[in-house]
Amino acid sequence: MKKIITLLLLTGTVAQAQQNPTLSVEKIMRDQKWIGVAPTNFRWSADSKVVFFDWNPENKEKSEGFQVQAASLKREKSEEKAKIAAIGTNYIYSDDRTMGIVEKAGDLYLYHPKKRTEQRLTRTIEREVNPRFGKDGRVVFQRGDNLFALNLKSNEIRQLTNFVKGKAGNVGDKNKVTVQNTWLKDDQSDLFDIIKKRNAAGKPTRGRIVNINPEKAEKTLRPIYLEDKFLSGLVVSPDARFVSYKLVSPAVGGVNTIVPNYITASGYTEDIAGRTKVGEPLPTYQHYIYDQERDTVYSVHTEQIPGIKDLPDYVKDYPKQLAGRQKKNEDRQVNLDGPYWNESGTAAIMIADAQDNKDRWILKLDAATGNLSIIDRQRDEAWIGGPGIGWGNVGWVDQNRFYFQSEASGYSHLYLANIATGVKKQLTSGNWELQKLDLSKDKKTFYITANKDHPGITHFYKLDVNGGPLVQLTSMKGGNEVTLSPDEQWLAINYSYMNKPWELYIQANKPGAKAIQVTNSSSEEFKAYQWREPDLVSFKNRYGSDVYARVYPAKNPHPNRPAVVFVHGAGYLQNVHYWWSQYSREYMFNNMLADNGYTVIDIDYTASSGYGRDHRTGIYRHMGGKDLTDQVDGVKLLVEKYNVNPKHVGLYGGSYGGFITLMALFNEPEVFASGAALRSVTDWAHYNHGYTSNILNEPFNDELAYKRSSPIYFAKGLKGNLLMCHGMVDENVQFQDIVRLSQRFIELGKENWELAVYPVEDHGFVEPSSWTDEYKRIYKLFETTLKK
């Protein structure tokens, strides 16, 4: 009996042991259905009376369809056909809403709201896509690479563009004019008087001799040759006069990686085509407008963009590069999005992103000339980003005003710009982020999701389109993900708390209205354990910035008073919040560690999302800088406030968290005794372009950033015990990364490391057996290195 009590003192109190089931790696890492399957995929019926969702309360093999009445909260299973009929189709409506148009399976359907009838317009092998109504009531759509207009009164289809693959003069081109063609034409004219007469009169010179009215002759569409480029971004103005498009020149000279797959049905190793690495050549873009009225094609004048030649500050570290680029004085490559036309077709705006991602411009387009004038410019010497800053998140409020988001104030907020007056107005402000934005159907109200109360709490708000106070609509502390009903009278709320997974709630769209829970998904086995509400704390890092963290205190610490730091992945991701973590396995593992005498901290280090521009970009040109020292400063907090022994601290994390683990063991060996690096980046020069070039620029033009940010250059500093785990078919952080670091360890004569490989796993593990093996190894590492 004494032995049992002693064991309980090591893992928790006797009372805790009686109340809480014992956690184990095998239990935590099995198929996550054991927790209970939360509802997903929320969709409202067209009449706003019913919410449809996918759910699996009985832990079946697959989720099933369910529905709940908004008014009565009656819940039942839904039949697929009834669900499809009730949800309806997302029609694009004419301005007067007397007609709707939609594409289904490559054909077009016209909807008559008053009659509630649908009329099929096309039945073709070729796909008709992207339909919308023109100002004259015609339907404009895309077929292949070209635009067409359908007159709904006469049923006449008129081709608006004539994009032709290849170059002018290709073999078989009907418009090809050769020396031989010219000779024959001249010879015909010399031989026959009738040809001379017709040429003089401007009449046709072939076919039967008939009287033709030249005014009724159909004009031939100008061919626009794509050459070796790809057509993209095809947009037509509401009056169908202007067609804007871009030609994409594929990257030349790039090399794609391959990922060998060893466990295959064929028994042979098979190669998976991979991505390119950062710094490989990129596509280039040319932007044009075709004016149908004038039958002419001209460029959008990107050279008029203010600051188009500005160089980033980092080139000052490379005098030769700076001098060379200043001498060339080239325009930076940009990619344009849009144009976005107002309803009347009297104005259009375009978004321009610099390929180096230092600038984002919002520009007014003069479609008749291709000229651009500035409305707003965001410049960031790190990189443009933040919630709501991407393409597509702009829109017109009326004929003169449009909205957009910007980090100009340091946090992502909402702005209105008036193209007639040039006035910009900031509608929201403060040290918080606007994370999601929608405009009401009547264009009088913005609906906003934001973390205004606390970085780790999201609420749903409404805001008058002209500005004013934010009106809070949700009230539950935690995460509130809202799907608004079509009539904007109801909220379907996907809600969770830090120790309670997601559930569906229904609430009237009114301030102070009560949200009613509809689903209860957590299993009895999951609810039997008293999952912790970790301490949500903040501390000042060594640079004076606020850093937020979750702490899982060990109520009955092991005599060594050990601690573990969990490092979340992705870099730009938030895990210190009041809602259920997307790292559910790690959350449960952290509970298990706390049960077994460890104090655990989980930090939203510099570069995490939810905290504004300075936090987001704080790792520019030095990954493993402030994001690493935040972990060290977090350990200091544990030592000072949670009585942790600074000589018994380990850490673990996956992907970016694995990268930080490596940098910690290599550069802070006196702070971290051991660590588990999972699917970790070891050399940023071998990662992808889109993510890495924003933060570190490119290896060939900013070598300093890569040399101080890549763990492989610091491997000599390894002193503690290191476990590395990596999937062999990882298409994101490829297996080559960890192999290269292993070879470096061998050459350095390091012995205190081991590599566990998972032959069938990609970046995100799928098989419970792989998860279990991995975390048993992590737990063993901490047990043997932190509890000595």
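Which residue lies over the face of Phe148? In this predicted model, that residue is Arg143, placed at 5.1 Å from the ring centre. Phe148 also takes part in a ring pair. The model holds 43 aromatic pairs. In one of them, the ring centres of Phe141 and Phe148 are 5.8 Å apart and the planes meet at 15 degrees, so the pair counts as stacked. Phe141 is buried, at 0% relative accessibility, and Phe148 is buried as well, at 10%. Phe148 is therefore a buried ring that has Phe141 as a stacked partner and Arg143 over its face.

The pair of Tyr687 and Tyr691 is arranged edge-to-face, with 5.8 Å from centre to centre and 85 degrees between the planes. Tyr687 is buried at 9% relative accessibility, whereas Tyr691 is partly exposed at 25%. Other rings join into a group: one aromatic cluster is formed by Phe566, Tyr583, Phe589, Tyr652, Tyr758, Phe765, Trp771, Tyr775 and Phe782. A charge over a ring is found again at Tyr109, where the charged end of Lys104 sits 4.6 Å from the ring centre.

The next topic is the pairing of charges. The count of salt bridges is 47. Lys60 and Glu64 form one of them, with their closest N and O atoms 3.3 Å apart. Lys60 is partly exposed, with a relative accessibility of 32%, and Glu64 is likewise partly exposed, at 25%.

A second salt bridge joins Arg127 to Glu103, and here the closest N and O atoms are 3.1 Å apart. This pair links distant parts of the chain, since its residues are 24 positions apart: Arg127 belongs to the loop between strand S8 (117-120) and strand S9 (128-133), and Glu103 to strand S6 (residues 100-104). Arg127 has a relative accessibility of 45% and is partly exposed. Glu103 is partly exposed too, with a relative accessible area of 25%.

In the salt bridge between Asp291 and Arg294, the closest N and O atoms are 2.6 Å apart. The two residues fall into separate accessibility classes: Asp291 is buried at 0%, while Arg294 is partly exposed at 43%. Salt bridges also join into a network, whose members are Asp310, Arg332, Asp356, Asp359, Arg377, Arg379 and Glu381.

Which charged residue is buried yet has no salt bridge? Lys358 is such a residue, and the nearest side chain of opposite charge, that of Glu381, is 5.8 Å away. The salt-bridge cut-off is 4 Å, so a side chain at that distance does not qualify. Lys358 is located in the loop between strand S22 (348-354) and strand S23 (359-366). Its side chain does make a polar contact, at 3.1 Å, with the side chain of Asn697. Beyond its neighbours within four places in sequence, Lys358 is in contact with Pro312, Arg332, Gln378, Arg379, Asp380, Glu381, Ala382, Ile384, Tyr620, Asn694 and Asn697. Among these contacts are Arg332, Arg379 and Glu381, which are also members of the salt-bridge network.

Another loop residue is Ser485, found between strand S33 (479-484) and strand S34 (490-497). Is Ser485 buried or exposed? Ser485 is buried, with a relative accessible area of 2%. The side chain of Ser485 reaches the backbone nitrogen of Trp490 at 3.0 Å. When neighbours within four places in sequence are left aside, the contacts of Ser485 are Trp44, Ser48 and Trp490. Trp490 thus appears both as the polar partner of the Ser485 side chain and in the contact list of that residue.

The last stop is Glu754, in strand S44 (residues 753-758). Glu754 is partly exposed, at 41% relative accessibility. In sequence, Glu754 and Met724 are 30 residues apart, but in space their C-alpha atoms are 6.1 Å apart. Met724 is also one of the residues that Glu754 touches, together with Leu722, Leu723 and Arg777, when residues up to four places away in sequence are not counted.

Terms used
Residues numbered from 1 in each chain as written. Predicted model: local features only at pLDDT ≥ 70, side-chain atom pairs only at ≥ 80, totals over all residues. Heavy atoms only, no water. Helix = DSSP H or I, 4+ residues; strand = E, 2+ residues; numbered from the N terminus. Buried < 20%, exposed > 50% of the residue type's maximum accessible area, 1.4 Å probe, protein only. Polar contact = N/O pair within 3.5 Å; in protein donor to acceptor, adjacent residues only side chain to side chain. Contact = heavy atoms within 4.5 Å. Phe/Tyr/Trp six-rings, centres within 6.5 Å; stacked < 30°, edge-to-face > 60°. Lys NZ or Arg CZ within 6 Å of the ring centre and 35° of its normal. Lys, Arg positive; Asp, Glu negative; His and termini not counted.
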